[in-house]
Structures are given as C-alpha cells and as structure tokens.
Amino acid sequence: MDLLPNTREIGVSTSELEAEQAYVDHAHACLEATRRRVREFWERVAAGRDGTHAARFERDVLEHRVFQRLGQLELGGRSLCFGRIDMRSDREGGDGDSDGNGDGAETFYIGRIGVWDEDQAAVVCDWRAPVAEPFFRATGRRPLGLALRRRFVSRGSRLLGIDDERFSPHGLDGDGGDPVRHDPALQAALEAPRTGRLGDVTATIQAEQDDVIRAPLPGVLIVQGGPGTGKTVVALHRAAYLIYTHRFPLAGQGVLVIGPSPVFLTYVEQILPSLGEAGVRLSTLGDLLGDLPVGGHDCEPVARTKGDARMATVLRRAVRTRQRPLREPLVVDHGLRRLRLSTEASAAIVADARRRARTHNAGRRLLAAAFFEALAGSTRRPADPAELAEAIGETLDVRRALDWMWPQLTPAHLLHDLFGSRALLAAAGAGVLSEAETEGLYRPRRAHADDVVWTTDDVPLLDEARMLLGPRTPRGGAGRIRTYGHIVVDEAQDLSPMQLRMVGRRSLNGSMTLVGDIAQATGAWAHDSWDSLVELISPEAPPGFAELTIGYRVPQPIMNFAAACLPPELADLVPPRAARPGGEPPRIVRLPAEGPETLGAVVAATVRSELGHVGAGNLAVICADGQVADLSGSLTAAGVAHGVADRRALGMQVSVCSARTLKGLEVDAAIVVEPGRIAAESAAGMRLLYVALSRATRRLTVITSELLPDPLEEAATAIGE
C-alpha cells in the first residue's frame, strides 16, 4: 500500500510523453475519420434532391442531424483529451504494478467528446460518461477504484506535460495534500489571462463541482457558492451533462439556461458549443418575450412593486376590467331590420364568456358568437348569426361595440393602457396596492404601445399578461409559452416572486437548477436566505441543496478584504476558501475630494500602471452607475482605449462598468472607484460593494476620495495600506 492516499509525479519521462502524444494523435485521427464518414454520408444523401414530398422532408431532417453531428465533432482548436484513468485490478488485490497500470487493469482516456475507432472500440470517453466520474471525483479518502489519474497539460493536440497522481487502494485518513493547490492544469487555468469570455475549464472540474454537475435530474436543486467557486461553470456543464445522460427526453423537451444580463450571456456563450451541445438555449428573461424591446431598470421602489406576487392579482383585474357590458343599447340597421342589443343582454354575454374562456383572447371568439346570435334573434324574423356576422361584422358601430365589450389585446397593449391610466390602475390595484405603489406604476402614455421600451422589471408582468391573454388568433403562436424539460438559472438569488412565476411557467415538470450566492443578492428583491426563495418556488418535493466551498478565482487576500463587506445578517454565511492563498493584497489609493477632473486623471493613470502588471490580461474600472459616463470620458481624454460594458460584454482589454453589469464575470485586475458611492446607490448597499470587490483574479485597486465604509476601513488597516 502507498504511504499516502495519493502521490504526484510532475514531469514524466520523455518516452512516456511521446507514447501519450502518439495516443492523442491516434485519437485525433479517429475523430477526423468520423468527420469524414459523416460528410461522405451526407454527400450520398444530398445527391438525390428529387423525389416525393416525404423523401424531401426526410432529407431535411437528415441534413439537420448531420450538421448537428458535425458541430459536435468540431473542437475549434481546443484539446480533445484531458487525461486518463487506470482502474485498479481486482485480480491483483488492488495493488497494480508500480506504474499504476498493471496487467488486467482497465485504462480509459477522458476527453471533451467520445471518440471510437473503425472497430467501434472506445478511444476517448466523453467526460460526462459514468466511467469518467473518478477522473473528476477521486480523492485520497475516496479513490473510487483508481490506481492512477494522469492529467494532460496540452495546447490543442500537442501535449506539453503530464501530471500523475497515484492512489492507495483503500485510502487513508488524510487528503494527501491539497488537490487544488497541486493540480498543474488547474493552476495554469487560474493563472491564464482573462479575455472577456469564460475560458475552457472542463478538464479542471473539481470534485465538489462534479457532484453538482452529476446530481439527479428530477426536482429542484439549489446551489450556493461564493465568488469564484465556479457556479457558472457548474451551471453550464450541468446543462451539457443532463442532455448527454438524459438524451431522451431532453433532446426533444429542451434545456433552458437563464442568465442575468446580455453581457453575461456573451461572456459564456461559447462554452456549451465547445462541449458539443449547441441545442441548449441561452437567454435572459427579457429575451424570452420575443421581439419586445427591453432595456434599463426601474427605480428600486417601483421595481419591488412590479416584482411582488400581488401584481398577478392586479393583472388579472386589469384584464377583467377590459371585459365589460355596453354602456348604452346597441341599435344596428340591417336591410329592413333593426337589430338591438340591450345593456342587460350584453352583461349576460360578457359573464358567460368569462365563465367559458380559458384566456382573454379566446373569450373574444365566444363573445362574438353570442353577440351576433343575440342580434340575430332580436327581431321578429330571426337572421342567421353566421350570415349576419359576415354582413355587418366590419361595420364601425359593431366593431366599436365588440372592442368595448371584449377587445383583443397583446401584452404590450394591456400594460401600456394600464400604466398610462390612473383610473385603470386604481381599479386594478384597489385593496391590493397602496396609493404610493399605484402612483409609482403610472407613466404617461405614448402614441403607440409599439414605441415603448420596456424595463427588465416589466418583463415578468408582460409574461404574466401573455399567459392571461393567450394568442390573438386560434392558431397564433405569439401568445403560447415554450416549456423545457430542465431549466438552469444563474444568479437566482435576485429573482422576484413574479420572475420566479415566469421561470416556473416554462418548466415542463418542475425540474430546475438554481445557482447563486445569497451574499451577492443585490436586486430589488434580494433574498436573505434560500428559504424565502424556496417558499416562492413551492415545489412538490423539498428541493435539494448543494454548496460550493472552494474559491478558485479570487486570491485569499482579496477575498478577505471583500468579505469585510458582508452584513451582520449574513454572519452564518462562510466565505469560500481560496484555492490560491497567496497573491498581492488590495491597494488603497486615497485622494482629496477635489472634483471629478482629479478623480478621472488618477483613474487613467492607475489603468496605465495596472496594464503593465497584467500584460495580456483584462482590466475593469468598476464604479457606481452614475459615474460610468464620466469615467469613460476621462479615459477617452487621456487616450486610454476602452469599452463600456454592454451587449458586447468585455470586448476590449479595458472596460468601464457598474458593479451590477460585472456581476457573475471575472477580470484579471479591477479598479474599484469610490466604493462608498457604490454602496450608497442601492438598497443592497454593502452586498453590491462585495460584488465589485470580488471580481479580480490577480490585482485589486481601490480609489477613494472619502472614508471607506467602516468594515472596509478596518480591513484596510489590517492589510497595512
């Protein structure tokens, strides 16, 4: 038995490296052969373009699947093989040979996708396959049957190095060293410069992350993780793993990944395609609405009102107030006949349509049928209702009457009318909202609802309205809501009750993964614990819960400084343990309050200085929302090329952004400007500042012209600024 549960050898012999390089070359050759066979198959199928309609349809389906398969086989310059595992042979009593690959032991190569040779023998096993679990999960205490774990350090198809880890057959009480600190592949990934896009980290997934990724599909799973623990990595890889493991039914039902902002989606958009899963939908909540323009936020009091579950009642009432009897009798001349509809009869028609209709727009058809039937029977010589509808249905008086009694509505029209009328707001909110809340919802009407740019806080209300209204036509798809077999939500700690209703509405069976950090809850509906969010989800069964405890991104000195921002009510929330205990402490730059010109000049000079330290890495100037434009102008005046974070994400080496925009992202160096202003601009206060201070992977600089918030002053004193 080994003296340690796992020992490492970094830098093996040249012959071993050459042998593994030969195997990797063989794997790439097999992959290329598979690509070639797929292309040749499609060329044979595409040769017969003519044929019956059914044959052409079959070719279209095959074409989709062929190009989907070719997409799965495309590496895009990424490494195919991560390493190998040697399973301990039972016939040898678990000891194996000294090289960890004794006779009878099984060896499996683990990689990005599965690769087979012409005889259908496995050359590389997909990282999601059950046989690959020990590669990510084995530890000194739990060898999981491994004799050897060999990790490859590679660039594309070229091996640069090998890291061997040998395991005792039974494991010992110790951990055999810190697997994070002594993992060269992981350390290389942590130290690599950031590019504004989330890097390829599949090969460096750690055991506690893999536990979450491979958790069972059914029900709700909540994942708590502090800054840099890999929550986003876990969320995206879980989506890829679930599709691989549950190809049926998820390939048909679909998987939806919801991110907090367009910047975030741009940051992560290349990860799932690199894993061969281009079919997963990445979206913000606003993108789920379709073509409606969405941008900006409401002020926090209004945002909190719009996110309240009471708004579901307000919207139901708003729809009901658009279902109303005539104010005066309708009289219509039709040839020699005079047709009449009394207000009492119209009230009965509206009441009957309300009872029978499942959605508002579907009720319009029921009401119209009853409307013309009542008109047709209002004379001594009854008319045919269908003929009557065709004859007078488009006349001005009839159209006005129908639109008054039961107008066909879109979500945009409903909310535009509601928010633009104090009378409609008062009627819908009576006894539900306070006067101040009702007044906060009011905004002057525009000429057309199509001219409105909706806020992100309007999104769940528009979605609720779409559910209540339904499609405007029987076969219309605009009012129908797409559901998914599994939904993954990142930054879930900020979801309001109405947003949770919107997410739940898209779940086919209640299967969801909610990922976030309570300490980083900064929205208008920031939750103080996952318990309050669980109560809003109300799953049929209690949700599962997992916690990520190791911070891979933020060095310990920066993490300690940022953790000083955590408010007392989160005292039980333990910040993540940093995988990198070293690193430079934060630098505090204090300057007198001499106006924005001085501040801008200092920021520009600091940017130039920090770029000299991070080399090819990226840098973010993080500030309060109201300072973004001023600081961007200062950098422009100083000749510093930069971008302002928007839909393009961190597209340039230097970016100016608010703390909200950078949430969930990481940079090599961060310059946090006026932390007191960041904390003061939101009810989230110190939590938002915690977000700002925990983005940097290498260097953190704080620039302030005033005293830091008290906890940070103490932390600054402790690091000896």
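**Notebook: cores, a helix pair and Ala-526**

I looked up the largest nonpolar core first; of its 129 residues, Trp-127, Leu-415, Phe-561, Val-672, Leu-689, Leu-693 and Leu-700 touch the most other members. Such a core is a set of buried Ala, Val, Leu, Ile, Met, Phe, Trp, Tyr and Cys residues joined through side-chain atoms within 4.5 Å. Helix H6 (residues 231–245) gives this core its largest share, eight residues. I also found a second, separate core of 21 residues, which includes Leu-339, Leu-367, Phe-371 and Phe-372.

The model is predicted: local features need pLDDT of at least 70, side-chain atom pairs count only at pLDDT 80 or more, and totals for chains, interfaces and linings use all residues. Residues are numbered from 1 along each chain as its sequence is written, and side-chain values use heavy atoms, without hydrogens or water.

Next I checked Val-672. Beyond its neighbours within four places in sequence, Val-672 is in contact (heavy atoms within 4.5 Å) with residues including Ile-622, Ile-678, Leu-689 and Leu-693.

Then I took Ala-526. I found Ala-526 in the loop between strand E14 (512–516) and helix H21 (530–537); helices (H or I, at least four residues) and strands (E, at least two) are DSSP runs, numbered from the N terminus. Ala-526 is partly exposed, at 27% relative accessible area. Buried means under 20%, exposed over 50%, partly exposed in between (1.4 Å probe, protein chains only). Ala-684 lies 158 residues from Ala-526 in sequence, yet their C-alpha atoms are 7.4 Å apart. Leaving aside neighbours within four places, Ala-526 contacts Gln-493, Asp-494, Ala-521 and Arg-687.
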